[in-house]
Amino acid sequence: MTNKTVLISGAGIAGPALAFWLARQGYAVTVVERSAGARTGGQAVDFKGATHRMVLERMGILDEIRRRQTGGHDQTIIDAEERPLAVLPGEFTGGDVEIRRGDLAAILCELTDRDCEYVFGDSITSLTETADGVDVTFERGAPRRFDLVFGADGIHSTVRRLAFGPEADYVRYLGHYYALVETGEHDDFRGAGGLSLMYNEPGRMAATGGPKAPAFFVFASPELTYDRYDMEQQKEIITTAFEGGGWRLPELMEAVKRSDDVYLDSLSRVVMDGYHTGRVALLGDAAYGNTLGGFGTGLAVVAAYVIAGELAEADGNHEVAFRRYEEKFRGYAKIARGASAGSFLAPSTKLRIALRNQMFRRRLMLRGMLWMTDKLATDIVLDDYPVLARRG
């Protein structure tokens, strides 16, 4: 086998999933992550359909995911007087199985930490490909050389920027931002009986008590320039976006100001013609992400399986393996391009809010949407890759 040393940027979902399969084949895998440690909490993510389940079963983690699942909460859509208007069913937002992103990341890291090297609190600063490897420099660590480098570091991928070009060339802003806010332990914004609630005004949405976070926000906005690592700046953006709102929005904004765990980002889509260049390849949101599009986690886990399988089939020949990965995955990844969650979660007018709510009161329409999402999630034929069943 050629190409035995591997660097993966990103310890979220795609990175550890790929690390699992490559370490199983005997690769020496290093995972570098900017965060100081494995991320906890975060929004809920989900898996849909037989294809996702099959890969999770082959990894041996499906039962553990089910043990830690959130349960797929229904959310009651309300008006400003907290009167129920419709119900957003958990099966629509939560797929077959739903789990907090941090819990899933913990499962994957626990699965791989004995066989892989994890380097937290560091990030790649340069990539220089040579005839027989990639020379990599880091913010903190000493320079190293690897046979292959993978970018599994999200929509704002450092590897994509260094190997392919500026973020603006590949990331398309979709007109909305979202925020996840951990409110205080004494803040309770749930409805009567502990109901998870979702409240809309034109161009903005606030949800409380659900699996995304104690408070989850979406709002329309021109594209903003801000420091993604400055929490106080993010708080100001959120509170400004929800000024003058009805229901309990003023109370929620006070909770945002007090919070010490706030995450704000744009709803954006990654559009790329190819996922590799030389010895560097992308997977997950770095390659075909669509924020809150509903398929990102499943795509990441399936992509890790396909990349590892193709490397095994090609006996480590990255040129052959990466080409086959793109050929097999390009059509499947298109499911991430079509959805735009912002206009669905935060419709721009009162009429569009009412029409969206009406859709959830029509069972036949809802069943059709659930059938379509399941169909899209299984729209790929996966090879068995028998070699992945054996430990290297």
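Colleague: Let's start in E5: what is the bridge partner of Thr76?

Modeller: Keep in mind that this is a predicted model. Strand E4 covers residues 75-78 and strand E5 covers residues 84-88, and the two run antiparallel, joined by 4 bridges. For Thr76, the bridge partner in E5 is Val87.

Colleague: And which residue in the hairpin of E4 and E5 takes a positive phi?

Modeller: Look between the two strands, where the hairpin has 5 residues. A phi near 65 degrees turns up there, and the residue that takes it is Glu82.

Colleague: Moving on to helix H1, how many of its residues are buried?

Modeller: H1 spans residues 14-24 and is mostly covered. The buried ones include Ala14, Leu18, Phe20 and Trp21, and even Arg24 is on that list. Buried here means under 20% relative accessible area, and the count for H1 is 11 of 11.

Colleague: What follows H1 with a positive phi?

Modeller: Helix H1 runs over residues 14-24. After H1 comes a residue with phi near 105 degrees, and that residue is Gly26.

Colleague: Which helix gives the largest share of the largest nonpolar core?

Modeller: In soluble globular proteins, nonpolar side chains tend to be buried together. Here the largest nonpolar core has 85 residues, and Phe150, Leu283, Tyr288 and Phe329 have the most contacts inside it. The largest share of this core is 12 residues, from residues 296-313, and that stretch is helix H10.

Colleague: How many residues are in the second, separate core?

Modeller: This core includes Ile238, Met253, Ala255 and Val262. Its size is 23 residues.

Colleague: Back to Leu283: leaving aside neighbours within four places in sequence, which residues is Leu283 in contact with?

Modeller: Leu283 is among the residues with the most contacts inside the largest core. Two of its partners, Ala14 and Leu18, are buried residues of H1. Others include Phe150, Gly151, Ala152 and Tyr288. To finish the list, add Ala300, Ala303, Ala304, Ile307 and Tyr325.

Colleague: Now the second largest pocket: which strand gives the most to its lining?

Modeller: The pocket has a volume of about 260 Å³ and is lined by 15 residues, with His156, Glu167, Glu223, Leu224 and Ser266 nearest its centre. Those lining residues divide into 6 nonpolar, 4 polar and 5 charged. Strands E12 (171-181) and E16 (262-270) each supply at least two of them. With 4 residues, the one giving the most is E12.

Definitions and conventions. Residues are numbered from 1 along each chain as its sequence is written. This is a predicted model: local features need pLDDT of at least 70, side-chain atom pairs count only at pLDDT 80 or more; totals for chains, interfaces and linings use all residues. Side-chain values use heavy atoms; hydrogens and water are left out. On a 1 Å grid over the protein atoms alone, a cavity is a set of points where a 1.4 Å probe fits but cannot get out, and a pocket is an open set with protein on both sides within 12 Å along at least five of seven lines; lining residues have an atom within 4 Å of a point. Grid points are joined across faces, edges and corners, and a volume is the space filled by probe spheres set on the points. Ala, Val, Leu, Ile, Met, Phe, Trp, Tyr, Cys and Pro count as nonpolar, Asp, Glu, Lys and Arg as charged, and the others, Gly among them, as polar. A nonpolar core is a set of buried Ala, Val, Leu, Ile, Met, Phe, Trp, Tyr and Cys residues joined through side-chain atoms within 4.5 Å. Buried means under 20% relative accessible area, exposed over 50%, partly exposed in between (1.4 Å probe, protein chains only). Contact means heavy atoms within 4.5 Å. Two strands pair if DSSP finds at least two bridges between them.
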